[in-house]
Every structure is written in C-alpha cells, then in structure tokens.
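Below are some notes on this model, set out as numbered points for you to follow alongside the coordinates. They start with one of the pockets and then move on to the strands, the helices and a few backbone details.

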Amino acid sequence: MAKGTLHRDEGVVLRTYKLGEADRIVVLLTRGRGKVRAVAKGVRKTKSKFGARLEPTSHVAVQLYEGRELDIVTQAESIDQFRAVRADLDRIARASTMLETADQLAQQGEVYPRLYQMLVGALRTLEGSESPLVLPAFLLKVLALEGYRPEVERCVQCGDGGPLVAFDDESGGLLCRSCRRGTAVSPEAVALLQRILGGRLNEALAEPPSPAAHEVDHLATRSVEHHLERRLRSVTVLDH
Ligand SMILES: [Zn+2]
C-alpha cells in the first residue's frame, strides 16, 4: 500500500504509551492490517475528541493515515466500550491477559483475522460473564489456533481413554495413570477442558465458579506461557 493513504479499519486497543507532552501511541490489533502502531495526537489534552475511545480493551472503528514512520489516528468511533469489564478489577485483569497474549503473538506486518475475531468475541463474552473460565477458554483456543491444541479427550502419550489424571505442557495434553507426568488434574477439571475444547463453552460458562475452574485457568495460563517462551527462544535462535 502506498504511503500517505487513508485506511478505515476496526481494531482493539492492546496498549498505549505516552509520546511527548500531549500525544499517545496506540497499539491496535486490527481486522484488516494486523498489529498497527499509530499516533493519537492531542489525546492527553482534556478536550480531546477521542482520547477516551482509545484506551486498552476499546473496540473501535478507526481511520488511519499512513505516515512515513507511524500511522496517525484521524478518527475513532466506539464499537464496544466494555463498561462492565472496566468496572470490575477481576475482569480488567482477565482482559489485560487477553490483550497481552494477542500482543505477544501478533507480529507487525502480518494479518490475524482469526485472532482478531477471537479477541473481540472473548471480550464480549467477558462483558456478559463473570465466569473464571472466559480467560482460559480464550487462551486454550489461541493455543489451538497456533497449532498447539492440547489433547484432552485421550491420553496424549498412549491414546488410552482414561481416566485422565495429569496435564503436561511438554507432552501437549492430558495423561492416563500409567503415563502420568506434569500437574495432577481433577476429574472435574478434565470435564471442563473437554467442554471448552469440544465446542461446549457455553455449558462450561453457565456453571458456578469452582476449584476446577481455577485449575483450568492455571493450566491454560501456564500452557500459553510455555508456548510463548518456546516461540521466543526459537525466534532468538533464528535471529543469530
Ligand atoms: Zn497413557
């Protein structure tokens, strides 16, 4: 695309940081152009037109002017404001982990239509649900999108149908009694993992919070960290 052109796009604000006295850099995951860094001029002044619309988690329709080094935000209209998320510290923390994960996965110059769709979907689910499973469900689906869908239906080592009693990141899923290694997992957490990855997320979200939900949260967070670290290491190796 030629420099100096205007683009209309939709995006989620992943993070922002200060630039000079009054401006802010906004990092967006956009539907059409992947991860974009753009300057929002004057947003830190009190009379800014769109400062409040460009906070982390904001889902916006934007017009971007493609500058020489950085894009410039020339318009921003809210699509989703996620008021319930922003009013609740637990949900803010979950949303922040979603944004960080998307930020770490998305490389500039590539497009991520599916990740974008999943992020918007997860934020909308979070807006309507206090379930502790919204975040781990997003993380598990991100892993699947990256080609690391954990095996949760049978033992990842020997294929046995169960009972499945442990979860191991290196092996890539649940393990039976004979193959067990990694973290012990309760039968309730196994059932939740199977619902989330088996297309029955709504059923899982309708359940009251339980210790099993926290187990799943912990497993999913650690799996994503494990995957991201391994990827960062492989990128570092390729760079040398
Ligand atoms: Zn086994």
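1. The model is a predicted one, and I begin with the lining of its largest pocket, which by class consists of nine charged, four polar and three nonpolar residues. The space in this largest pocket comes to about 250 Å³, and among the 16 residues that line the pocket, those closest to its centre are Arg-33, Lys-35, Val-36, Asp-71 and Gln-108. Strand 3, which covers residues 34–40, contributes three residues and thereby gives the most to this lining.

2. For the second largest pocket the volume is about 180 Å³. Of the 11 residues that line this second largest pocket, Thr-101, Gln-104, Val-224, Glu-225 and Leu-228 lie closest to the centre. Which elements give two or more residues to this lining? They are helix 2 and helix 7, the latter spanning 211–239, and helix 7 gives the most, with six residues. The lining of the second largest pocket divides by class into four nonpolar, four polar and three charged residues.

3. Turning to the strands, five of them make a closed barrel in the order 1-2-3-5-4, and the pairing within this barrel is mixed. On average, and with direction ignored, neighbouring strands of this sheet are turned by 50° against each other.

4. Several of the pairings in the barrel can be followed residue by residue. Strand 1 (residues 6–19) runs antiparallel to strand 4 (residues 59–65), and seven bridges join the two; Arg-8 has Gln-63 in strand 4 as its bridge partner. Strand 1 is also joined to strand 2 (residues 23–30) by eight bridges, again in the antiparallel sense, and here the bridge partner of Leu-19 is Asp-23 in strand 2. The hairpin of strand 1 and strand 2 has three residues between the strands, and within this hairpin Gly-20 takes a positive phi near 65°.

5. On the other side of the description, strand 4 pairs with strand 5 (residues 71–80) over seven bridges in the antiparallel sense, and Tyr-65 has Ile-72 in strand 5 as its bridge partner. Helix 2 packs on the sheet and touches strand 1, strand 2 and strand 3, with a direction that makes about 110° with that of strand 1. Helix 3 likewise packs on the sheet, where it touches strand 1, strand 2, strand 4 and strand 5, and its direction makes about 65° with that of strand 1.

6. How do the axes of helix 2 and helix 3 cross, and within what distance do they come? The axes of helix 2 (residues 89–105) and helix 3 (residues 113–128) come within 11 Å and cross at roughly 175°, which means that helix 2 is roughly antiparallel to helix 3. On the helix 2 side, the residues that meet helix 3 are Arg-91, Arg-94, Ala-95, Met-98, Leu-99, Ala-102 and Leu-105, and on the helix 3 side they are Leu-115, Leu-119, Ala-122, Leu-123, Leu-126, Glu-127 and Gly-128. By class, the residues of this contact of helix 2 with helix 3 are 10 nonpolar, three charged and one polar.

7. Apart from the barrel, three strands form an open sheet in the order 7-6-8, with antiparallel pairing. Strand 7 (173–176) and strand 8 (183–184) are the edge strands, each of which pairs on one side only. Two bridges link strand 6 (residues 164–168) to strand 8 in the antiparallel sense, and the bridge partner of Phe-167 in strand 8 is Thr-183.

8. Two backbone details deserve a look when the coordinates are inspected. The peptide bond that joins Gly-162 and Pro-163 is cis, with omega at about 5°, and Pro-163 has its place in the loop between helix 4 (134–145) and strand 6. Thr-57, although it is not a glycine, has a positive phi of about 85°; this residue, Thr-57, sits in the loop between strand 3 and strand 4.

Methods: Residues are numbered from 1 along each chain as its sequence is written. This is a predicted model: local features need pLDDT of at least 70, side-chain atom pairs count only at pLDDT 80 or more; totals for chains, interfaces and linings use all residues. Side-chain values use heavy atoms; hydrogens and water are left out. Two strands pair if DSSP finds at least two bridges between them. Helices (H or I, at least four residues) and strands (E, at least two) are DSSP runs, numbered from the N terminus. Axes are lines fitted to C-alpha atoms, for helices over the stretch in contact, and angles run from 0 to 180 degrees between N-to-C directions. Angles under 35 degrees count as roughly parallel, over 145 as roughly antiparallel, 65 to 115 as roughly perpendicular and the rest as oblique. Contact means heavy atoms within 4.5 Å. Ala, Val, Leu, Ile, Met, Phe, Trp, Tyr, Cys and Pro count as nonpolar, Asp, Glu, Lys and Arg as charged, and the others, Gly among them, as polar. On a 1 Å grid over the protein atoms alone, a cavity is a set of points where a 1.4 Å probe fits but cannot get out, and a pocket is an open set with protein on both sides within 12 Å along at least five of seven lines; lining residues have an atom within 4 Å of a point. Grid points are joined across faces, edges and corners, and a volume is the space filled by probe spheres set on the points.
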